[in-house]
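Colleague: I should like to understand the reasoning behind the labels attached to this model. May I ask you to take them one at a time?

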Amino acid sequence: MQTLPWYKQFWPWFILSIPAITVVTCIFFIVYSVQKGPDMVVDDYYKKGKSINLELSKFQKAKALFLHGDLTIDNDLVSFLFTKGDASKVTALKLSFYHPTLKANDFEMTLTKNSLGAFTGFSDRITESRYTVFIEPMDQSWKLKESIILPSTDAFKIFPEYK
């Protein structure tokens with residue numbers, strides 16, 4: 001009985017294919033992770049920490065002004081109505097929508113005051129997802145924050161956190 005040379009047999013190629021497939025898979029994932037790195041990583045932590053402290057003072061100011069409101073999102077129409085607090089000097093609001101993981105889904109919009117006292121605006125970037133919404137006047141003197149899940153037929157109650 002004559003045996004075949006090793007390179008013509010099945011088992012050596014099968015055994016060698018396992019580490020070869022592993023190496024190719026590792027190279028693929030390394031290239032993929034380098035090209036599509038996470039959006040959530042911040043390079044300069046010191047500056048980010050200082051800006052967080054400034055943000056906290058804006059939330060405290062909203063709490064001191066006792067600002068409360070209802071945020072309604074109906075298809076492309078976004079409206080905000082103050083229910084408590086003195087917001088008579090506010091002429092426009094900036095709404096920032098932040099997706100928890102996908103930076104491409106983040107967007108900002110401006111709401112202007114209408115004759116009924118509500119702030120309204122339109123956006124075609126609203127999708128069904130979870131967002132953290134920041135509401136602030138154009139002079140950025142105070143800020144409100146709320147986590148929302150879209151779509152929703154009810155108004156979101158926005159109020160400062162009291163502890």
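Colleague: Why is asparagine 75 called exposed?

Modeller: In this predicted model, asparagine 75 has a relative accessibility of 64%. The label exposed applies over 50%, so asparagine 75 counts as exposed. Asparagine 75 is found in the loop between strand 1 (68–74) and strand 2.

Colleague: What makes the backbone of asparagine 75 noteworthy?

Modeller: Its phi is positive, about 55°, although asparagine 75 is not a glycine. Most residues other than glycine have a negative phi. Glutamine 140 likewise has a positive phi of about 55° and is not a glycine; it sits in the loop between strand 6 and strand 7.

Colleague: Why is glutamine 140 called partly exposed?

Modeller: Its relative accessibility is 38%. Partly exposed covers the range between under 20% and over 50%, so glutamine 140 counts as partly exposed.

Colleague: How do you know that phenylalanine 82 and tryptophan 142 form an edge-to-face pair?

Modeller: The structure holds 15 aromatic pairs, and this is one of them. The ring centres are 6.0 Å apart, and pairing requires them to lie within 6.5 Å. The planes stand at 75°, and over 60 degrees counts as edge-to-face, so the pair receives that name. The pair links distant parts of the chain, with phenylalanine 82 in strand 2 (residues 77–84) and tryptophan 142 in the loop between strand 6 (130–137) and strand 7 (144–149), 60 residues apart. Both residues are buried. Phe80, Phe82, Phe119 and Trp142 form one aromatic cluster.

Colleague: Why is the pair of tryptophan 6 and tyrosine 7 given the name edge-to-face?

Modeller: The centres of these two rings are 6.0 Å apart and the planes are at 90°, so the pair is edge-to-face. Tyrosine 7 has a relative accessibility of 47% and therefore counts as partly exposed.

Colleague: What makes the contact between lysine 94 and glutamate 136 a salt bridge?

Modeller: The closest N and O atoms of lysine 94 and glutamate 136 are 3.5 Å apart, and the cut-off is within 4 Å. Lysine 94 lies in strand 3 and glutamate 136 in strand 6, so the pair ties together parts that are 42 residues apart in sequence.

Colleague: How do you know whether glutamate 136 is buried or exposed?

Modeller: Its relative accessibility is 4%. Buried means under 20%, so glutamate 136 counts as buried. Lysine 94, at 18%, counts as buried, as does lysine 143 at 7%.

Colleague: Which residues are linked in a network of salt bridges?

Modeller: Lys94, Glu108, Glu136 and Lys143 are linked in this way. Besides the bridge between lysine 94 and glutamate 136, glutamate 108 meets lysine 94 with N to O at 3.9 Å, and glutamate 136 meets lysine 143 at 4.0 Å. Glutamate 108, at 49% relative accessibility, counts as partly exposed.

Colleague: What makes lysine 143 a charge over a ring?

Modeller: Lysine 143 lies over the face of phenylalanine 134, at 5.0 Å from the ring centre. The distance cut-off is within 6 Å.

Colleague: Why is tryptophan 11 called exposed?

Modeller: At 55% relative accessibility, tryptophan 11 counts as exposed. Tryptophan 11 lies in helix 1 (residues 10–35). Together with Phe10, Phe14, Ile15 and Ile18, Trp11 forms a nonpolar patch on the surface, with about 570 Å² of accessible area.

How values were computed: Residues are numbered from 1 along each chain as its sequence is written. This is a predicted model: local features need pLDDT of at least 70, side-chain atom pairs count only at pLDDT 80 or more; totals for chains, interfaces and linings use all residues. Side-chain values use heavy atoms; hydrogens and water are left out. Rings of Phe, Tyr and Trp (its six-membered ring) pair if their centres lie within 6.5 Å; planes under 30 degrees apart count as stacked, over 60 as edge-to-face and the rest as tilted. Buried means under 20% relative accessible area, exposed over 50%, partly exposed in between (1.4 Å probe, protein chains only). Helices (H or I, at least four residues) and strands (E, at least two) are DSSP runs, numbered from the N terminus. A charge sits over a ring if NZ of Lys or CZ of Arg is within 6 Å of the ring centre and within 35 degrees of the ring normal. Patches are made of residues with over 30% relative accessible area and no salt bridge: like charges are joined within 9 Å, nonpolar side chains (Val, Leu, Ile, Met, Phe, Trp, Tyr) within 5 Å. Accessible areas come from the Shrake-Rupley method with a 1.4 Å probe; for residues, only the protein chains shown count as cover. A salt bridge is a side-chain nitrogen of Lys or Arg within 4 Å of a carboxyl oxygen of Asp or Glu.
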